[in-house]
Structures are given as C-alpha cells and as structure tokens.
Amino acid sequence: MPLVTLSVFVIVSALLVGALYWQATRALTRLALEQSESELRELAADSGLIPVDILANLIERRIESGGMGLYFLVDANGKKQAGNLNQWPPELELRTGGGFFSYESADGVRHIAVGVAEVLGGGAIVLVGRNVDAAQLLASSLWWWFLAALGVMSVIGVAAMLIGHRALLGRVETMRATSSAIMAGDLTKRIPVSGSGDELDALASSLNTMLARIEQLMGGLQEVSDNIAHDLKTPLARIRSSVEAALRDPRGAPAHREGLERTLEEADELIKTFNALLLVARLEAGAVEGSVEALDAVALVDDVVELYGPVAEDVGCRVVADLQTTAVPLVANRQLVMQALINLVENALKYGRPQSGGSAEISVSVAARSGSVVLAVADRGPGIPPASRERALKRFVRLEASRSQPGTGLGLSLVAAVARLHGGTVELADNQPGLIVRLVLPAGVATQADI
Amino acid sequence: MRVLVIEDDLDVAAFLVKGLGEAGHAVDLASDGAVGEERALSGGYDVMIVDRMLPRKDGLSIITSLRASGDKTPVLILSALGAVDDRVKGLRAGGDDYLTKPFAFAELLARVDALARRRAPEESDTRYVVGDLVLDRLARRVTRGKEVLSLQPREFRLLEYLMKHAGQVVTRTMLLEGVWDYHFDPQTNVIDVHISRLRAKIDKDFDVQLLHTVRGAGYVIRDGDA
C-alpha cells in the first residue's frame, strides 16, 4: 500500500515539476515571439502601399537605431534587400510562418532566435525575429534545478512514508496486542490513546468505551448468577420443603390441600421475583426496545398517587402529589416509568416511615430542569447514608435496616435501569430528614437502543 | 362457548382443555401452527387462545392471516415472552389480549370470558345497571335506589369497569390494566384496598351485596345471591 502511494506521489510530482519547467521556458520564448509579431504587424501593415526599397530603408533605419530586432527582407526574386542577418535562415521556409532559427553574429558566435515571416503585397518577404539565447540558458539551468527539486521531493517523500508507516504499524500492533490480552480474559485492559487526536485515537476511544461496557455487562452477569444462586434458590427450597412436609403430615388430605395452597402462593412469589429480575437484567443489557410515547409527567404522577393513596392510608401514611404546573411533556416508555415510580413509592411505604412519630408523608413531584424532567419521590424516613447510596442501586442489595422486610431488593436497581435505558440518571439524596430519589429523564428524546 | 386452543405444549394444553371444559366451554385443540390456522380460518369460534411459539407456523402469523381474512373473533395470546415490547407486538398483530406464562387459570378464564362477551362499540351504554345500582357515564353519577353516592374519581372508574363486565369475574390484573393502564404486578395489594373502599360506599349500608370477592380469582359485581 505505501508503495502505491509513493509511486503516485513521485509521478504526480514529476508531472507538476515538468509542467512548471515547460511553462517557464515557453514564457520567455513567447515574449520574444510576441514582440516580433507586433513589429511585423507594424511593418506589414502598409506593405501594399510602400515599394520595397522604401521598406528596405525603414528596416535599415531600425537596425541603425540599435534595437533588439533581427530583420531580413527579400524581394520577389529572393534577393536580399535589407537585414542584419547574413542569409535567410535555412530552418525557415520562404513563406508566411515562423519558428526557431540559428544565425551567426558578427563575431562569429552562433545564436538561437525565434521569428515570424510574412509574404507582402508585391511578393517580397519580410522576417522579424528576436534573440532567445537568454531564454535557452535559463531553460537549461532551470532544468537541472527542477531535476534536483524532484529528487529531493522524492527522497523526503520516501522517508516520510517509511517513518509514518512504521509509526502506524506500531500503533496498530499495540491495538492487536491489547485485543489479544482482552480475548485471553483480561477485561480490564484498554487500548492506549496517543493523545494526538487523530482517527486512530478516535477508534481507540470507541473501542475502549465498548470494552468498558462489555466489562460492565460481564460483571453484571457474574453478579446475576451469584444472586440467582441465593435469592431464587431460597424460595425454591421453601417450596420443596412445604410439599415434603405436606406429604409427610399424618392428617392426610386436609394437610395436602393446605400444603398445595401454600406452595401455590410461594410459587407465585417466586415467579414475581423471577420476572422482576429478568426485567432488570434485560433493561441493563439494553435489550428491551420498548416503545416510547409522548406523555404528560403530571398525569402519570397523578395516576400513581391515586393508585397508592388508599394503601398508604391503611398503613398510616399519606401519598401526595406535589405538582407546580399543569402539564409537563415527556417522551418515555409509560409502563417502565410508571413501574419505576411505583417501586419508589412502595419502597417509601416500606422503609420510609419516620421512626419516631412525625408526619409519614410521601410526596411525589415533577419538575422540569432544562431539557430534563425530574420525577422525585421523597419520604421522611431514616434515609440512606451517603456511603451506601451507590450500593443501594445494585441488584439484590438490601441495606441492613431493611433486611427484615419482605421484598426482592430489585426495586431501586429497576429504577436505575429504567433511567439508564432512557439516557437519564437516578439521584439519591438526603431529604433532611429522609430520602429523596430523583429520576431524571431527558424530556425529549429516545433511549439507548433507540428504543 | 366454543373455544379454539392452539398450543403445542401438551401439559399446558391438557390443563387448558380440562379447565375450560369444567367451566362449561366446548374446546377444540390444535397442537401445531398449520393445523391451528386451518381450524381458526374455518371459523365458528367465540374466542381463540393462541400460543406464540408453535411448530410449523407461529402464533402471530396465524393471527395476522386471520385478521387479513376479515375475521374479528377475539384472540387471547399466550406466551412465555413477557417483555414490554412483546405485548405490544402481539396486540399489533391483531391479538385482543396478552397473557404471559406461567399464568393462573382463574386469570385466563376471566379474560376469556371478558373477550367472548365483549360488546361492539355501537352497543355501549351510557348507563350501567346492576340491581338498584345505576352508574350514569355521561353525568358521572352513581345512585343506589334513591340515594346518590358520592365517589372519588378513582372509585368511579373502578366501578365503571366492574359494571361494564357485570356478571363476569374481573381479576386484579385486569383492573390495573383497565383502570390505570398499568401492566405489571405491584408488590402490594393496591387493588384490594381500592375495592374495599368502594365496597364501603356502595354495599355497606344496603341489604343486598352486589360486589363479591371470588377467592383465588378477583371480583365480580352482580345482582342475586352470591
């Protein structure tokens, strides 16, 4: 590949240099030619009216006045009438035309000239020319200079190509080595970025982002299988022992019936946990391409608050909607966002109760925040200490305070996954006192997978 | 009612046929997609239950060709695929309801009944009447006997849904979907609490109870004895 580039480079340079050279030399000669032509115009203009001997006089006078011109005038028979050349140049024919010719000057030196000739009215022919020695000299010296330039350009080109190629190969080799290490299992490795900001760097950055995501997914998978081992096997074990106990119960049929009913309840709980886990895992992998629609965040919050009002009252709490405006547009997946809010409200009802009297009020609010919509659920409970907040968003994490309560520990991780899927974030903060969870979603657009 | 079940899993199929039969329905079973499609297109069923994953022809294609032939028989789609989008896909293909496996039989039965007795839009009433309970949809007013009952908006919508399906069992999931347009399982018994509030308003001070709980299934509103 570099050889092709190099060849192209050399050929193009040679052509350019050649064209430059050709133009330069032609320019000089052309000037002489133009001057000769214009002078010929002058002389030939009146030719029909002036007899040949008068024209001869004109020419002699021009020669005497010491110009640059070379002249030769012959009559209709070819006999010299005037001119500062020895003879009609053999290179030129005795007719209208022109071109290069050589002549000998008085001191016997040969010179090069260019000239134009024209046949006049009475059959006489006049030649006007100019010496182009200077042009030729310039041309030949230029020729060597141009060759030298071409040589230098080629050498530099080859050198640059070799150096660049080696540098490129070096970086590509680094990428290859890193990839091998990654494939061998070291997911923490990243491709080095040289900092020059060129396309290879851009490629390396993209690959690194991809690697980070893969590492995260692999990590997630590992976590899931660990969690499954514990959190799904436990209910399964419970189911098994229920059935076994019922079979062994001496009461017989009534015990069987009870055992079956209990088993059915436990199986339903297990299915719920499993579905929740599956959903979270799929959301985190970005595999869910839910459809989004244009929603009113305020209406959504109203629905959730309305749904949970009675349940809250039954446990001595109040769920209220804290709404400032009439409508807040949001483009999102309604089912997922509703589920996220419901998870937060359920969490608040379970864990967000104030320990020592005080109003057990859970407030759900909507606010617009430059291009985003912030859906928040706030309680007056014990809150989550800053150190535990990040952990709380992970799957199956039950913080110390809540271990005694029933639940899967998937609530917050689902909220985080929904946020992520929409290109948004989750913030946990101190409600002073209590916990406030903010789900920040982009007001306008789509999700990752392009959902 | 005549029900067509297209399901290749033998255990699930047996379960469905037995359960539906005991509930008083006449059930035909097809165990693969090609036979299922043939039966479906031949018509004469009040409702169909179609599994998505079938050998020879998948459930959604069957529904698509059914709809293309102009057949409007209600279809309940059964599937282990329960992601948010799978439901949307199923309904877009022409399905009328979507149930994920594993499911409770009571849930399936309630939904099948609701589908079969679905009334055409031009027949929908402006008033629902059950016994002496009258719900006026236009005036947003509920009366029982001579008394005007004062209901919260959520209680009204709940009652409206129940009365629209008067005499049929309505499950908690159906209520969540029909009244709040929510398709997941909440952890808490939200619906039960709403129902007990509603009951307190429409049944407590009256002699005849209209809103009944069906154990293991859901709720039903009907006149006459429980």
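1. A definition to start with: two strands pair if DSSP finds at least two bridges between them. With that in hand, look at chain B of this predicted model. Strand E1(B), residues 2–6, and strand E2(B), residues 26–30, pair in the parallel sense, and 5 bridges connect them. If you want a spot to centre your viewer on, B:Ile6 stands opposite B:Ala30 of E2(B). Between the two strands the chain passes through helix H1(B), residues 10–22, and this β-α-β crossover is right-handed.

2. Chain B also has an open sheet of 3 strands, in the order E10-E12-E11, with antiparallel pairing. Which strands stand at its edges? They are E10(B), residues 170–171, and E11(B), residues 211–214; each has a single partner strand, so one side of each is left without a neighbour in the sheet. E11(B) runs antiparallel to E12(B), residues 218–221, and 4 bridges join them. One bridge to pick out links B:Leu211 to its partner B:Ile221 in E12(B).

3. Staying with chain B, have a look at helices H6(B), residues 153–164, and H8(B), residues 190–202. Their axes come within 10 Å and cross at roughly 90 degrees. Angles of 65 to 115 degrees count as roughly perpendicular, and H6(B) and H8(B) are therefore roughly perpendicular to each other. On the H6(B) side the contact is made by B:Arg154, B:Glu155, B:Leu158 and B:Leu159, which meet B:His194, B:Arg197, B:Leu198, B:Lys201 and B:Ile202 of H8(B). Sorted by class, this contact has 4 nonpolar, 1 polar and 4 charged residues.

4. Now to chain A, where an open sheet of 5 strands has the order E7-E9-E10-E12-E11 and mixed pairing. Its edge strands are E7(A), residues 318–323, and E11(A), residues 425–430, each of which pairs on one side only. On average, neighbouring strands are turned by 20 degrees against each other, direction ignored. At the E11(A) edge, this strand pairs with E12(A), residues 435–442, in the antiparallel sense over 6 bridges. There, A:Val426 has A:Leu439 in E12(A) as its bridge partner.

5. Which helix packs on that sheet? H6(A) does, touching E7(A), E9(A) (361–369) and E10(A) (372–378), and its direction makes about 165 degrees with that of E7(A).

6. There is a helix pair worth opening in chain A too: H7(A), residues 334–351, and H9(A), residues 411–421. The two axes come within 9 Å and cross at roughly 150 degrees. Since angles over 145 degrees count as roughly antiparallel, H7(A) and H9(A) are therefore roughly antiparallel to each other. The crossing is left-handed. From H7(A), A:Leu336, A:Val337, A:Gln339, A:Ala340, A:Asn343, A:Leu344, A:Glu346 and A:Asn347 meet A:Gly411, A:Leu412, A:Leu414, A:Val415 and A:Val418 of H9(A). In class terms, the contact of H7(A) with H9(A) has 8 nonpolar, 4 polar and 1 charged residues.

7. Finally, the interface. How many residues of chain A are in contact with chain B? There are 23, and they are in contact with 19 residues of chain B. On the chain A side, helices H5(A) (253–284), H6(A) (297–314) and H7(A) each supply at least two residues. The largest share, 7 residues, comes from H6(A), the helix that also packs on the sheet of chain A. By class, the side of chain A that touches chain B divides into 9 nonpolar, 7 polar and 7 charged residues.

How values were computed
Residues numbered from 1 in each chain as written. Chains lettered and ligands numbered in written order. Predicted model: local features only at pLDDT ≥ 70, side-chain atom pairs only at ≥ 80, totals over all residues. Axes fitted to C-alpha atoms, helices over the stretch in contact; angles between N-to-C directions. Helix = DSSP H or I, 4+ residues; strand = E, 2+ residues; numbered from the N terminus. Parallel < 35°, antiparallel > 145°, perpendicular 65-115°, else oblique. Left-handed = near helix turned anticlockwise from the far one by under 90°. Contact = placed C-beta atoms within 7 Å. Nonpolar A, V, L, I, M, F, W, Y, C, P; charged D, E, K, R; others polar. Right-handed = clockwise from strand over helix to strand, strands pointing away.
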